[in-house]
Amino acid sequence: MIRARLTALAVAGAAVLGAVAQLPASAAPAHPAEADRIEVFGHRGASGYRPEHTLASYDLAARTGADYIEPDLVPTKDGVLVARHENEISGTTDVAQRPEFADRRTTKVVDGAELTGWFTEDFTLAELKTLRAIERIPDLRPNNTIYNGRFEVPTFQEVLDLRARLSKELGREIGIAPETKHPSYFARIGLPLEPGVVEALDRNGLNQEKAKVVVQSFEVANLKQLNGPLKVRLVQLISNSGAPQDFVEAGDPRTYADMVKPEGLKEIATYADVIGPDTKVILPVDEQGNLTEPTTVVADAHAADLTVVPYTVRAENNFLPADFRSSEDKAAWGDVFAFHRALFEQGIDGVFADHPDIAVQARDEFAGR
Ligand code: G3P
Ligand code: CA
C-alpha cells in the first residue's frame with residue numbers, strides 16, 4: 001500500500017536520502033530543516049512517569065507534547081479491546097492480589113512461550129475493570145509505584161475518547177497509534193483483534209486517509225488483512241531478532257533481518273507505509289552494548305517509500321547504549337538527549353519514547369528551535 005501521504009517536503013527529503021543511500025548511514029547529513037516533521041510517539045503513554053497503558057499515562061504524554069499516544073491492544077473474554085502490552089496481566093495489574101480471581105491463574109502457550117498467570121481473555125470487561133494498574137518495572141521506576149492501585153485498565157474506546165477530549169483542549173490533533181498484540185493467537189482462540197480495530201476507527205470517524213492514526217503490528221498477515229478495510233497508515237514493526245509469529249507458524253523462513261533488506265522493504269511497501277524497527281536495527285550495539293556502525297536501513301526504507309519510526313527510547317541507563325550511560329546504576333538516567341540526537345542524525349521520521357517530553361525537547365533542539 002503506497003499512499004500519497006508524503007508532504008512535498010518529505011518527498012524532497014526522501015529524494016535527498018535516496019541520493020546518499022550509497023554512503024555509510026553514519027555519513028548521511030543531519031536534516032535540521034526536516035526535523036520539524038519528526039513525530040514523537042508517547043510509548044504506552046508517558047510510561048517513564050506513570051504506569052503504562054493508563055489514561056493518566058496517555059494524558060501526560062499528550063500534555064507534555066507527544067504527537068501520538070500508543071495503546072497496545074488485547075481483547076477481554078467478551079471481545080472488548082483493552083490497552084495492555086500483553087494478555088498476561090500479572091506484571092501490570094494487581095490481579096495477583098485479588099483472592100476472587102485466584103482460580104483464574106493458569107498456564108498457556110502464547111506465540112511459542114509458556115506463560116503462567118492471569119490472561120485478559122479469561123476476564124469479562126466488568127471483571128477486568130475491578131483491577132488496578134501497577135508499575136511494570138518498579139526497580140527501575142520506583143517513583144511510579146506511588147500510582148499503583150490508582151488507575152483502571154482502559155478500553156480502546158476510552159483511549160479514543162481521551163484523544164478526542166485532549167485534541168480539543170490542547171488545540172492540536174493528538175494522534176493515536178494502536179498496536180495489535182498477538183494477532184494470530186487471538187484469531188486462533190476466536191477473539192480476533194482486527195474487526196474491533198476497524199469498527200472502533202469507523203465509529204470514531206478516524207478511518208480516513210488523512211486521520212492522524214497509524215495501526216501497528218509485528219505480524220504481517222494481519223497488516224495485509226487490515227490494508228483492505230483501513231484507510232489509515234499501517235506500521236510494520238521490526239524486531240531486532242527472530243521473525244514474525246505468523247511467518248513462524250506458516251513455515252515461512254523469512255526473518256525480520258530479511259525484511260529490512262532492500263527487497264524486503266519493497267515488499268513491506270506493498271501493504272504498509274511505515275516501518276517501526278527496534279533502535280538497534282538502525283544503531284546496532286556490540287556485546288558490551290557499545291554502538292557500532294549504523295546500518296543503511298533508514299535510507300533503504302526511504303528509498304522504498306517507507307517512513308521510519310524506531311522504538312523505544314528510554315532515559316534509564318538500563319535501556320541506553322553503553323555510550324550514553326551515566327553510571328552503573330541501571331535506574332539512573334543517562335544522556336538520553338544524545339541517544340535521541342544519534343537517531344535523528346540517521347534521518348528517522350519519528351520515535352517511540354517512554355519520556356515523550358524529552359523526545360520533544362530533543363527534537364526541537366535538533367530542529368534548531
Ligand atoms: O509499537 C512500538 C513498540 O511499542 C513495539 O514494542 O513491545 O513496546 O510494544 P512493544
Ligand atoms: Ca507497542
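User: Before the metal site, what counts as a donor here?
Analyst: Donors are N, O and S atoms within 2.8 Å of the metal, or 3.2 Å for Na, K and Ca. Keep in mind that this is a predicted model.

User: OK. How are the donor residues of the calcium ion (ligand 2) spaced in sequence?
Analyst: The spacing for the calcium ion (ligand 2) is E-x1-D-x106-E.

User: Which residues are those, and at what distances?
Analyst: Glu70 and Glu179 coordinate the calcium ion (ligand 2) through OE, and Asp72 does so through OD, at 2.1 to 2.3 Å.

User: Why is the arrangement around the calcium ion (ligand 2) called irregular?
Analyst: Because the six donor atoms subtend angles of 58 to 164°. For reference, ideal angles for six octahedral donors are 90 or 180 degrees. Water is not among the atoms, so sites may look incomplete.

User: Switching to ligand 1. Where does it sit?
Analyst: Ligand 1 is in the largest pocket.

User: What surrounds ligand 1?
Analyst: The residues around ligand 1 include Arg44, Lys181, Phe218, Leu237, Tyr311 and Phe352. Glu70, Asp72 and Glu179 are also among them, and these three coordinate the calcium ion (ligand 2).

User: And by class, what is in that shell around ligand 1?
Analyst: Five charged, four nonpolar and three polar residues.

User: Which side chains have an N or O atom by an oxygen of ligand 1, and at what distance?
Analyst: His85 has one at 2.6 Å from a ligand 1 oxygen atom, and Gln216 has one at 2.4 Å. A polar side-chain atom of His43 lies 2.7 Å from an oxygen atom of ligand 1.

User: How much of ligand 1 does the protein bury?
Analyst: Taken alone, ligand 1 exposes 290 Å², and the protein buries 92% of that.

Conventions:
Residues are numbered from 1 along each chain as its sequence is written. Chains are lettered from A and ligands numbered from 1 in the order in which they are written. This is a predicted model: local features need pLDDT of at least 70, side-chain atom pairs count only at pLDDT 80 or more; totals for chains, interfaces and linings use all residues. Side-chain values use heavy atoms; hydrogens and water are left out. A residue is near a molecule or strand if one of its heavy atoms lies within 4 Å of it. A polar contact is a pair of N or O atoms within 3.5 Å; within protein, one must be able to donate a hydrogen and the other to accept it, and residues adjacent in sequence count only if both atoms are side-chain atoms. Accessible areas come from the Shrake-Rupley method with a 1.4 Å probe; for residues, only the protein chains shown count as cover. On a 1 Å grid over the protein atoms alone, a cavity is a set of points where a 1.4 Å probe fits but cannot get out, and a pocket is an open set with protein on both sides within 12 Å along at least five of seven lines; lining residues have an atom within 4 Å of a point. A molecule sits in a cavity or pocket if more than half of its atoms lie within 2 Å of its grid points. Ala, Val, Leu, Ile, Met, Phe, Trp, Tyr, Cys and Pro count as nonpolar, Asp, Glu, Lys and Arg as charged, and the others, Gly among them, as polar. Four donors count as tetrahedral if all angles lie between 85 and 135 degrees; four count as square planar and six as octahedral if opposite donors are over 155 degrees apart and all others between 65 and 115; anything else is irregular.
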